[in-house]
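Hi there,

Here is the structure I promised to pass on. Please open it alongside this message, and my notes on what turned up follow below.

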Amino acid sequence: MTATTATPGDLSVWDRVRGYSPSSRHLPVLATLALFVGMFGAGGIRYEGFADPQVVLTLFVDNAFLIVLAVGMTFVILTGGIDLSVGSVVALSTMIAASTLEAGWPPAAAMAAVLLAGTALGTLMGLVIHYFDIQPFIATLAGMFLARGLCYLISVDSIPIRDDTFFAIAAHQFTLPGGYFITPTVLVALAAVALAAYVLHRTRFGRTVYAIGGSESSAMLMGLRVARTKVGVYAISGFCAALAGLLFSLYTLSGYSLHALGMELDAIAAVVIGGTLLTGGRGLVVGSMLGVLVLGTIQTFISFDGTLSSWWTKIVIGSLVLVFVVIQRVMTRRQP
Amino acid sequence: MTQMETQPAAIAPGRVEPHPVIEMRDITIAFGGVRALDGVGLRLFPGEVHALMGENGAGKSTLIKALTGVYSIDSGSILIDGEEHTFSTPAAAQGAGISTVYQEVNLVPNLTVAENMLLGREPRKLGRIDVRAMNRRAQETLDRLGLDISPTSVLGEHPIAVQQLVAIARAVDVEARVLILDEPTSSLDADEVEKLFEVMRSLRDHGVAIVFVSHFLDQIYEISDRMTILRNGTLVGERMVAETTQLELVKLMIGRELEVLERIDREVAATEAIKSGQPVMKALGLSRKGALQAVDLELYEGEVIGLAGLLGSGRTELARLLFGADTADAGELQVGSKTRRLRSPRHAIDRRIAFSSENRRSEGVIEDLTVADNMLLALQASRGWLRPIPRAERSRLVSKYIETLDIRPANPQALMRNLSGGNQQKVLLARWLITQPRILILDEPTRGIDIGAKAQIQQVVADLARDGMSVVFISSELEEVLRLSDRLVVMRDRRKIDERPNQDVSVSDVLEIIAGSARAEEATRA
């Protein structure tokens with residue numbers, strides 16, 4: 001940094017890379033990205049076949065439903081709320097899909113019913129949270145029990161899905177150049193991420209989500225549509241949970257009341273590891289997707305190793321969540 | 001004043017006058033039985049700066065929030081252009097062209113400056129927010145106000161004063177017919193205030209009606225045309241600024257309390273300056289790395305020591321060491337006849353030392369508890385949770401201090417959040433007085449509260465000292481320190497630079513001591 005007086009125009013690429021300082025907004029997401037890349041590198045060195053691109057694609061295939069779930073959760077957490085009901089809503093969605101198909105509904109109608117039910121439940125919880133000023137934790141805890149209970153009301157046993165359309169979608173693979181493949185569920189998940197990013201950053205609704213997370217009372221005094229937005233994020237989360245339930249039923253081809261037990265916690269963990277502040281106002285939906293991929297990579301690690309108990313997944317996830325929350329705390333404290 | 005021509009014809013009965021853009025009539029609002037406003041009215045004409053005057057707790061902020069739809073009114077009516085209107089949400093008020101900058105910065109720290117200015121009305125292209133146009137528009141508004149702030153920077157990274165300016169920029173960006181500025185200048189420096197006034201004048205000349213609230217009388221007289229004066233939630237009257245002297249205004253605002261101020265002067269002058277006997281507290285070379293250089297201090301019974309010095313001079317740090325809120329690295333502290341190491345506030349309280357922090361909101365007041373609970377907190381803590389204070393004793397103590405300190409409302413069950421700043425401060429004072437301390441350390445006990453409450457608190461401190469309590473009194477207002485203290489300790493750059501009995505010391509003397517030591521330092525360096 002001495003004699004060179006370079007104008008911004010003739011900076012070399014290296015100068016620009018070296019001079020790049022990410023805004024504090026993107027830092028947590030970059031940390032997650034680095035973690036993901038690092039874990040993959042480590043896996044590639046350690047295990048044969050780990051560094052194959054198909055392993056990455058399979059991560060998406062196996063976790064498409066969790067990505068969609070985390071997208072909805074990101075909206076809620078950005079406002080400073082939480083949605084504990086999503087795991088149960090996934091189970092309920094598989095039950096509704098399986099039972100309506102069994103009853104002979106056309107697949108499109110079954111899917112519509114699932115999405116409608118999830119959105120309705122989310123909206124209901126949002127209304128309770130906003131208009132009765134109930135803590136999101138409590139309201140969605142009630143929603144969690146309600147949805148799980150409704151599953152048993154439909155059937156205590158697992159219902160297999162035998163519909164041709166569902167079979168066709170589940171079996172379909174898009175072949176990519178090089179012999180790699182992805183499934184339609186991956187496209188749905190990626191579309192959800194892209195749409196969510198657009199809504200969060202390019203619409204008034206999305207910016208209001210961030211504003212509420214920053215300070216709800218300020219957002220109200222600024223004349224923003226707080227009520228509509230708060231109810232909206234729970235409706236979106238409910239919709240995403242229902243959509244994730246559809247993807248999950250394509251994955252398992254069955255409806256069962258014990259599906260997706262504790263999956264809401266996986267979604268929350270993914271959002272937190274993805275760099276979203278639990279107190280709201282800060283975070284990116286892409287980060288949540290990366291969070292899901294990190295969780296998936298841990299599982300891939302364990303399956304490649306073969307000697308590790310699958311409980312290591314939980315231990316690593318627990319440690320990561322803890323580390324990320326502490327890092328966030330340190331980073332936000334540094335600011336005035 | 002040439003402003004007379006531009007302002008609307010005043011309240012002359014029988015004459016045709018311009019219609020007020022807003023008229024509030026007989027507004028009454030109560031919070032949990034406490035009447036915050038009682039039959040208050042306000043008339044606002046286009047093209048005027050209207051000052052809303054009153055002490056803390058007079059009802060200014062409540063009146064503003066009633067107008068902007070934050071609070072719903074219990075009775076009375078609001079007329080916009082002669083038609084009755086009630087806004088149920090701030091959004092509705094904004095829609096009608098009423099734009100507000102509240103006392104606390106009400107923006108969101110996690111978004112950019114441009115977003116904070118334009119949230120809710122971002123320029124859009126095909127339904128999506130046009131970020132470029134938004135940043136450009138924000139830049140234009142900031143330029144117009146002469147503010148050098150990057151629109152793309154994150155708001156929370158700026159100091160409060162800048163955030164306040166952004167809040168004003170947001171209010172100005174709306175094509176508002178009515179602009180309400182509630183204490184916008186409290187965190188601004190002189191240049192920034194001047195900038196704000198330029199903007200206000202230009203808006204006024206374009207026919208905008210501006211409501212201006214400020215504690216600084218000079219600012220009121222510089223910028224306002226007309227004013228409405230409130231006291232204790234009631235309407236005192238409406239006056240033309242040019243026709244009212246500052247003295248008249250102060251009298252209208254505080255009523256009888258002015259006499260109290262004058263009386264304290266005499267009483268303190270009457271107390272003899274030097275006390276004899278053993279010091280109740282003695283610090284020897286008390287210091288803490290990065291906070292305070294070695295300080296010696298002796299405090300005698302019935303004495304008030306005034307700690308003078310600028311913000312950051314080490315006065316708060318000294319107070320915290322004396323109380324054990326921070327631990328000293330070196331030096332010793334004698335309380336009574338023994339040398340103590342105050343490891344925690346708990347120790348200090350046991351030695352009957354009380355400390356009222358300067359951060360009233362974050363370190364003192366518990367808003368969701370009642371006045372009585374807030375008062376009894378310290379006493380209960382010192383007794384331990386296993387020995388509850390008997391009910392009769394509780395109510396006796398609480399009503400005694402509500403009366404002595406003239407806390408309003410005089411209701412022990414009122415929620416703390418519903419009290420004005422001055423009354424909250426009195427409750428905090430009562431909290432410590434109830435523990436019957438021998439040494440009372442007060443850090444900025446009168447900051448941000450009105451003249452009446454200030455006078456009462458000063459009076460109480462003077463009375464306590466006369467009854468034998470030793471007081472360390474810290475305040476940014478030198479007049480106040482000089483009025484109350486027997487002995488004066490001057491702090492600068494985290495050390496004690498002077499100590500003298502408070503006899504014939506004037507404010508300019510103290511300023512010279514502070515400035516003089518700076519000059520001496522420069523000389524030694526040179």
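In strand β2 of chain B, L37(B) is the residue that stands opposite I29(B). Please keep in mind as you look that this is a predicted model. The pair belongs to a longer run of contacts: β1(B) and β2(B), the latter covering residues 34–44, run antiparallel and are joined by seven bridges. Strand β1 of chain B, residues 22–31, also has a partner in β4 (residues 75–80) of chain B, again antiparallel, this time with five bridges. If you want one pair to click on there, T28(B) has S75(B) in β4(B) as its bridge partner.

Put together, these strands belong to an open sheet of four strands in chain B, in the order β2-β1-β4-β5, with antiparallel pairing. Its edges are β2 and β5 (83–84) of chain B, each of which pairs on one side only. As a general reminder, strands of a sheet pair through backbone hydrogen bonds, and they can do so in a parallel or an antiparallel way.

For the parallel kind, move along chain B to β19, residues 439–443. Which strands pair with β19(B)? One is β18 (residues 353–356) of chain B, which pairs with β19(B) in the parallel sense over four bridges. There, I353(B) has I439(B) as its bridge partner in β19(B). Another is β20 (residues 470–474) of chain B, which runs parallel to β19(B) and is joined to it by five bridges. In that pairing, L440(B) stands opposite V471(B) of β20(B).

Is β19(B) buried or exposed? Five of the five residues of β19(B) are buried, so the strand is largely enclosed by the rest of the structure. Both of its faces are covered: I439(B), I441(B) and D443(B) are buried on one side, and L440(B) and L442(B) are buried on the other.

A helix worth a look for similar reasons of burial is α11 of chain B, residues 315–323. It is mostly covered, with eight of its nine residues buried. Among the buried residues of α11(B) are R315(B), E317(B), L318(B), L322(B) and F323(B). Just after α11(B) comes G324(B), which takes a positive phi of about 85 degrees.

Now to the empty spaces. How many cavities of 30 Å³ or more does a search of the whole structure find? The search finds eight. I looked at two of them in detail.

The largest cavity has a volume of about 200 Å³. It is lined by 19 residues, and those that lie nearest its centre are L221(A), M222(A), Q94(B), T100(B) and R170(B), which come from chains A and B. In chain B, α3 (90–95), β6 (98–101) and α6 (160–173) each supply at least two residues of this lining. The largest share comes from β6(B), with four residues. By type, the lining divides into eleven nonpolar, five polar and three charged residues. Why does the largest cavity lie between two domains of chain B? Domain 1 (1–6 + 17–97 + 177–255) and domain 2 (104–174) of chain B both give residues to its lining, so the cavity lies between them.

The second largest cavity has a volume of about 60 Å³. Its lining is made up of L145(B), L147(B), L165(B), I168(B), E192(B), K195(B), L196(B) and V199(B). Both α6 and α7 (190–205) of chain B supply at least two of these residues, and α7(B) gives the most, with four. Six residues of this lining are nonpolar and two are charged, with no polar ones. Domains 1 and 2 of chain B each contribute at least three residues to this lining.

Finally, a few overall figures for your notes:

- Chain A: 336 residues, of which 49% count as buried, with 14 helices and four strands. Among its contacts between residues at least 6 apart in sequence, 77% join residues at least 24 apart.
- Chain B: 526 residues, of which 55% count as buried, with 19 helices and 22 strands. Residues 24 or more positions apart account for 67% of its contacts with a separation of 6 or more.

Happy browsing, and all the best!

Technical notes
Residues numbered from 1 in each chain as written. Chains lettered and ligands numbered in written order. Predicted model: local features only at pLDDT ≥ 70, side-chain atom pairs only at ≥ 80, totals over all residues. Heavy atoms only, no water. Pairing = 2+ DSSP bridges. 1 Å grid on protein atoms, 1.4 Å probe; cavity = no way out; pocket = protein on both sides within 12 Å on 5 of 7 lines; lining within 4 Å. Points joined across faces, edges and corners; volume = space filled by probe spheres on them. Nonpolar A, V, L, I, M, F, W, Y, C, P; charged D, E, K, R; others polar. Domains from an automatic or database assignment. Buried < 20%, exposed > 50% of the residue type's maximum accessible area, 1.4 Å probe, protein only. Contact = heavy atoms within 4.5 Å.
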